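Got your viewer open? Load the structure below and follow along, one selection at a time.

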Amino acid sequence: ERNISLANATTVELSCKLDPNFHLRNPQVTWKRGNETISHTTKAENSWSIKLVIVDSSKMGSYSCIVKGDEEIRATFYLHVPKIEAREKPIITYEKDTAVMVCKSDSTPMTWTWYMMRGNNPVIINESLWTDKYLISRLSANVTRLRILKLTKEDAGVYWCEAVFQLGESERKMELKVLSIMAPLKPFIAIVAEVIILVTTIILYEVYSKRKGK
Amino acid sequence: GWAWAVVLHFFLVNVLVMGMLKTFGIFFVAFREEVGGSSEQVSWIGSIMSSLRFLGAPLVSIVCRGLGERPTSLLGAGLVAGGCLVSTQATSVPFLCISMGLLLGLGFSCLYQAAAVMTAKRCRARLGFSNALARSGMGLTFLMAPFTQLLLDFYGWQGTLLIFGGIMLNLVPSSLLLRPISTRHSSAKTQGCESPMAQKDPETPDGGLDGTTDRELHPHKAQELPTTERLLMSHGKDVSDPTNPSALGKLEKPTPDRSSPETATGAKRSNKPLSATKKETPQPLLDLSPLKDPVFFIFTWSFLFSHLAYFVPFFHLVARARTLGMSSMDGSYLISVAGITEMLSQLLSGWVADQNWTKKYHFHVTYLVLSGLTNLLGPLATTFPLLLAYTVAFSVSCGGFMALVLPVLVDLVGVEKLHSYLGFAAFFAGIAAIGGPPLAGWLYDYTQTYACSFLLAGACALLSPLSFCLEPWAQRWKLKRARL
């Protein structure tokens, strides 16, 4: 099994090679995509290959070569658009802070678009509409960054970035969580209170024993 | 009595300091993602933090001698908590380097030094066991890792640092437990800690008890007493005669029934060395005398190499397990087995050392040699059971010698000068600690196998006890120099 990631229109040659130690009398090798057989196969010494010209997303998918001997052996190639890398875990930010989300891909897409979920509808984040809230910058050809300023509780939710390639689209979802400042502050204050109680106890004890000593 | 409070504080220090250092790896990932900066830059924070812990030691020993242990410890706790809190506002890696690396590193070294010396001062008889007990705190640090991860998932790195700052603040009340020793208290305290020995003479009252226990202990430990203390003893004898009447007045618990001069001078003699210490040694704050002392070199040489030998195998144990084809679950299982075995062997070794069957450093040497041999045989371990056996053997010997580091130093130089010795020794050890992991990493890159790091660790572990062979000569040399 092989994964092949393609971004732009290219010609691809896929070949299946048989191990010469495998003595198969009359090997029958067919190339299939789904259920349809591909006819233009080229045969070499011990390998069978096909040439594919890929110009749009309709030609993407999985292609397999099947060897019919005593048993059926299959090898599959998956052709797909490049996957996007981004943060898997939810991004935790605080109110009035800035959130940064970065999407990265292996090849250069034609465009990047950011979406957010409002209610049940995806909404495109249009920078020009909210210039003081969202900042989209293209850090490099393969990397895009969304910055959300002045966070509020309503900004929490699912965001995703979509990359458009010649051969299709690819996207990645991320979750944003917005906490209020009080959230970690509560345990902190609890601990500080405990510390103060301990300190006062110890100081009182020392003062008491000093007075007793005198 | 209060000695156990000090051990508790040292235990807490170990847990929190070591926990912070070890969980830094988890923060590392969070920092890289959120604050930005390359892997190398972020790891600088961690290395500044852990190296300052050692390198700051001479500076801290000066502060400790100037201010006393308790204020230094409070200062350390304040630095650590403050550093954590300031770091929550961090926006860039250099900022974090200073706020987290510098402040926390200095704070840790303050805390550690003060706690270690205080433990040595408080519990002279059972130093081995109490040191081991406190060090077992390091074993609990493995709990901190999942806890930190949980906090990070809930509150993000800023919230986690805030809460950590609060947890570190807990070191403030525990530092308050480090009550300073005054001369009056110390005679009663040494009594408390040495009571197992003193129980042989239940009839003598308190004042006499000081004298008799001292007289019992000093011939018994005549070999072990460093020359400095013996000098003070003889000095004390000279001083006691002219100040006879004032000394009697100084006795806190006068001997009402036994007014015999014997017990009185005995009690005076126990008080005298302590007050004579105060008169005779108005040591300058920056005490460079350790650098002129051969015993110091012996100790530092061994300390340096044993530290190198200690860290490297742990770093590479999991990686080696992986290269031999074991899953990472097995690898972490090995690490936890190592941690628990080490904890147990520390306690055992501390207890054994306290029984005083032989000089403490003989044990130290034995453990080091064992660990060296284990490491040299380490590359032979290629299956999981063998690797497990290696891990157990290695952690037993490591725990053994780690527990004895402080008692051995105390035996060699005595408690009065402990600060400066420990400070400088830690400084040199810090240099080794900075160089150790990168050196091991370079070895791996060069030889493409982890076997070499184990061989290196074994070689270091065997090199370090060599210096102890020179110890008897060094003591004789010191005596000769003192007599001149």
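Start by selecting A:Glu85: its opposite number is A:Lys104, which sits in strand 11 of chain A. Keep in mind as you click that this is a predicted model.

Now widen the selection to the two strands. Strand 9 of chain A pairs with strand 11 (residues 99-105) of chain A over 2 bridges, in the antiparallel sense. Add their neighbours and you get an open sheet of 4 strands in chain A, in the order 9-11-15-14, with antiparallel pairing. Which strands stand at the edges? Look for strand 9 (84-85) and strand 14 (134-140) of chain A: each has a single partner strand, so one side of each has no neighbour in the sheet.

Stay with strand 11 of chain A and pick A:Val100, which has its place there. Is A:Val100 buried, partly exposed or exposed? Its relative accessibility is 39%, so A:Val100 counts as partly exposed, the class between 20% and 50%. Show it together with A:Val102 and A:Leu139 and you have a nonpolar patch on the surface, with about 220 Å² of accessible area for the three together.

Next stop: another part of chain A. Select strand 16 (residues 157-165) and strand 17 of chain A, which pair in the antiparallel sense over 9 bridges. How many residues does the hairpin between strand 16 and strand 17 of chain A run through? The hairpin joins them through 2 residues. For one facing pair, click A:Val164 and find A:Glu169 opposite, in strand 17 of chain A.

Strand 17 (residues 168-179) of chain A has a further pairing, with strand 10 (residues 91-94) of chain A: this one is parallel, over 4 bridges. To see it residue by residue, select A:Thr93 and its bridge partner A:Val178 in strand 17 of chain A.

Zoom out to the whole of chain A. Its secondary structure comes to 17 strands and 1 helix. Of its 214 residues, 35% count as buried. If you turn on the surface, about 13,500 Å² of chain A is exposed, with carbon and sulfur atoms supplying 53% of that. As for contacts between residues at least 6 apart in the sequence of chain A, 62% join residues at least 24 apart.

Then switch to chain B. Here you'll find 22 helices and 0 strands. Chain B has 484 residues, and buried ones make up 54% of them. Its accessible surface is about 20,800 Å², and 68% of that belongs to carbon and sulfur atoms. Among chain B contacts between residues at least 6 apart in sequence, the share joining residues at least 24 apart is 84%.

For a close-up in chain B, go to helix 18 (residues 384-413) and pick B:Ser395. With 0% relative accessibility, B:Ser395 counts as buried. What does B:Ser395 touch, leaving out residues up to four places away in sequence? Select B:Ala338, B:Thr341, B:Glu342 and B:Ser345 to see those contacts.

Last, colour chain B by confidence. The mean pLDDT of chain B is 69, with 71% of its residues at 70 or more. Among its elements, helix 4 (residues 69-87) of chain B has the highest mean, 86, while helix 10 (residues 195-198) of chain B has the lowest, 34. Over residues 183-282 of chain B the pLDDT is below 50, and that stretch has 92 contacts in the model beyond near neighbours in sequence. The model as a whole scores pTM 0.68 and ipTM 0.71.

Terms used. Residues are numbered from 1 along each chain as its sequence is written. Chains are lettered from A and ligands numbered from 1 in the order in which they are written. This is a predicted model: local features need pLDDT of at least 70, side-chain atom pairs count only at pLDDT 80 or more; totals for chains, interfaces and linings use all residues. Side-chain values use heavy atoms; hydrogens and water are left out. pLDDT is the predictor's confidence in each residue, from 0 to 100. Contact means heavy atoms within 4.5 Å. Two strands pair if DSSP finds at least two bridges between them. Patches are made of residues with over 30% relative accessible area and no salt bridge: like charges are joined within 9 Å, nonpolar side chains (Val, Leu, Ile, Met, Phe, Trp, Tyr) within 5 Å. Accessible areas come from the Shrake-Rupley method with a 1.4 Å probe; for residues, only the protein chains shown count as cover. A salt bridge is a side-chain nitrogen of Lys or Arg within 4 Å of a carboxyl oxygen of Asp or Glu. Buried means under 20% relative accessible area, exposed over 50%, partly exposed in between (1.4 Å probe, protein chains only).
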